[in-house]
Amino acid sequence: MKTSIKQVLESTAFDTDFTVNGWVRNRRINKNLAFISLNDGSCAGNLQIVVDFDKIPEENIKGIGTGACLRIKGTLVKSVGQGQDRDIAAKEVHIYGLADGETYPLQPRKHSLEFIRENAHLRSRTTVFSSVFRVRHALAYAVHKYFNDKGFYYINAPIITASDAEGAGEMFRVTTLDLNNPARNKEDGSINFKEDFFGKSTHLTVSGQLEGELMALGLGNIYTFGPTFRAENSNTTRHLAEFWMIEPEMAFFELEDNMALAEDFMKYVIKYAVDNCDADLQILQERLLEEEKAKKEDERSPMPLLEKLNFVVNNDFEKVTYTEAIEILLNSNHYKKKKFKYDVKWGIDLQSEHERFLVEKHFKKPVIITNYPKDIKAFYMKQNDDNKTVRAMDVLFPGIGEIIGGSQREEILEKLETRMKEMNIPTDEMWWYLDTRRFGTAPHSGFGLGFERLVLFVSGMTNIRDVIPFPRSPKNADF
RNA sequence: UCCUUUCUAGCUCAGCUGGUUAGAGCACUUGACUGUUAAUCAGGGGGUCCUUGGUUCGAGCCCAAGGAAAGGAGCCA
């Protein structure tokens, strides 16, 4: 087994020999000595290798620059220099591969995020992105651990679906038909999907929720954690065409239980990252501070990254109904001074500026808004007795906006069917979904969390394309 | 998709009112240097000025169309 640089940096076994592998982050060559900062991705820190030319000829490290991959055998010693407590005094340097400095894009200096994004295949070699991806891993692990420990079952919803009735957004078509010469219906010349692979029109999933409901109404508590796809032409720092969504679904859960779970869950996974990714979060906190220096003072975050994360973990989320939220907006000085671009009145869908005001200016903490007007929400949400609102909840986070959307589901067959007809959703195609209400229906609730938005919040990154290894967005499917 | 801004060396950027051979720092390369920390110092190589078309004696700079990127908005997770 190899020894990781993380193990060497944590070891107390001085004067013993180690063999480490890694990529050169930087190197400084003097007449008699060379210093190599080596990183293998096991942790944020670099290990300094000291090459003494009395012991290893200078020719042996010829051509080693940023990006080269090495295997080093050497002795762990206390560092004589200032910047670190330990070095490896090299006994043997093996070069796996050089990286030609004329053409290797990365340098031992600060690169713009934009530049690194355009070289996404090399992002894992950089300080900031390797930290982001270690944090991403920790969060994914925490998600599974949380649900497992609570007795939830992990369910894989299908990625290819025939259901196009969910209405969650534009979809990517899946087909094996020849695009240049597709099978057509004789009558009207339209595409004949009976000839397609599945014998019907299919798409990539936009949500695993409906399948999750089927599973929950039998298994009790389940969650999905998988890729979802939206063919929306969204060019923002918060949207991806391919993203990972976590969707728990619980039988015998009312909206209040759903809210409590969402809050507890968010606090748990954020705390897990804080407890397990300190070095990486320190790096990301520094990065964010650096980025915010360029901003105007009133646009900067009120607290540093780690303080913000601890604040979320240690404070209760604010809970208001949609109706109360509208009142708060209407009574705000911001509204009276006509600073909102979009008008506020009961019935509107809250705009980003409204959500930001509530979260960042008014409450200054995460907010859960409930009981939205039924006309701006999906067909499956449970209708309240007032006949105007549904048992929906959105969790809003500072800097991110909506991070979770969820609801109690309508479990009464007649009410659900009526609502589907009102919203032009074909009830016959959705017979399998309606069967859950037809046979042994039960109250149930669930929510969806965009995993990248969670990583965005915890890492303090500002563009969602920087928290997924290989981002898919309009005009971009490289790498 | 809409609005605003941007596109010059591998990277970050400068480039005057349209005028000779387009510059700097870093990176790379050669050399110097007794432990460096984005090492330092000295020399050298490196350009499809996003693309296409136009105006002009002359375009990196002006005009038009297109492309891409960033930020904001919409849609949402």
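A pocket here is an open set of grid points, on a 1 Å grid over the protein atoms alone, with protein on both sides within 12 Å along at least five of seven lines. In this predicted model, the second largest one comes out at a volume of about 670 Å³. Its lining runs to 30 residues, and Arg109, Ile116, Thr126, Thr127 and Val128 sit nearest the centre. By residue class, the lining splits into 10 nonpolar, 11 polar and nine charged.

As for where that lining comes from, strand S1 (17-29) and helices H2 (113-118), H3 (127-149) and H6 (278-293) each chip in at least two residues. H6 has the largest share, with four residues. Domain 1 (5-108) and domain 2 (125-171 + 206-317 + 365-466) each put at least three residues into the lining of this pocket.

Turning to the RNA, 53 residues lie around strand B, with Asn26, Gln107, Glu114, Thr236 and Arg453 coming nearest. On the RNA side, sugar and phosphate make up 55% of the strand B atoms that come within 4 Å of the protein. Some side chains can be picked out individually: a polar atom of Glu102 is 2.6 Å from a sugar or linking oxygen of strand B. Phosphate oxygens of the RNA pair up with polar side-chain atoms of Ser112, at 3.1 Å, and of Arg465, at 3.3 Å. The elements giving two or more residues to this surface are S1, S2 (33-39), H2, S11 (242-251), S15 (401-408) and S16 (444-450). S1 gives the most, with four residues. The surface near RNA strand B divides into 12 nonpolar, 24 polar and 17 charged residues.

Terms used:
Residues are numbered from 1 along each chain as its sequence is written. Chains are lettered from A and ligands numbered from 1 in the order in which they are written. This is a predicted model: local features need pLDDT of at least 70, side-chain atom pairs count only at pLDDT 80 or more; totals for chains, interfaces and linings use all residues. Side-chain values use heavy atoms; hydrogens and water are left out. On a 1 Å grid over the protein atoms alone, a cavity is a set of points where a 1.4 Å probe fits but cannot get out, and a pocket is an open set with protein on both sides within 12 Å along at least five of seven lines; lining residues have an atom within 4 Å of a point. Grid points are joined across faces, edges and corners, and a volume is the space filled by probe spheres set on the points. Ala, Val, Leu, Ile, Met, Phe, Trp, Tyr, Cys and Pro count as nonpolar, Asp, Glu, Lys and Arg as charged, and the others, Gly among them, as polar. Domain bounds come from an automatic or database domain assignment. A residue is near a molecule or strand if one of its heavy atoms lies within 4 Å of it. A polar contact is a pair of N or O atoms within 3.5 Å; within protein, one must be able to donate a hydrogen and the other to accept it, and residues adjacent in sequence count only if both atoms are side-chain atoms.
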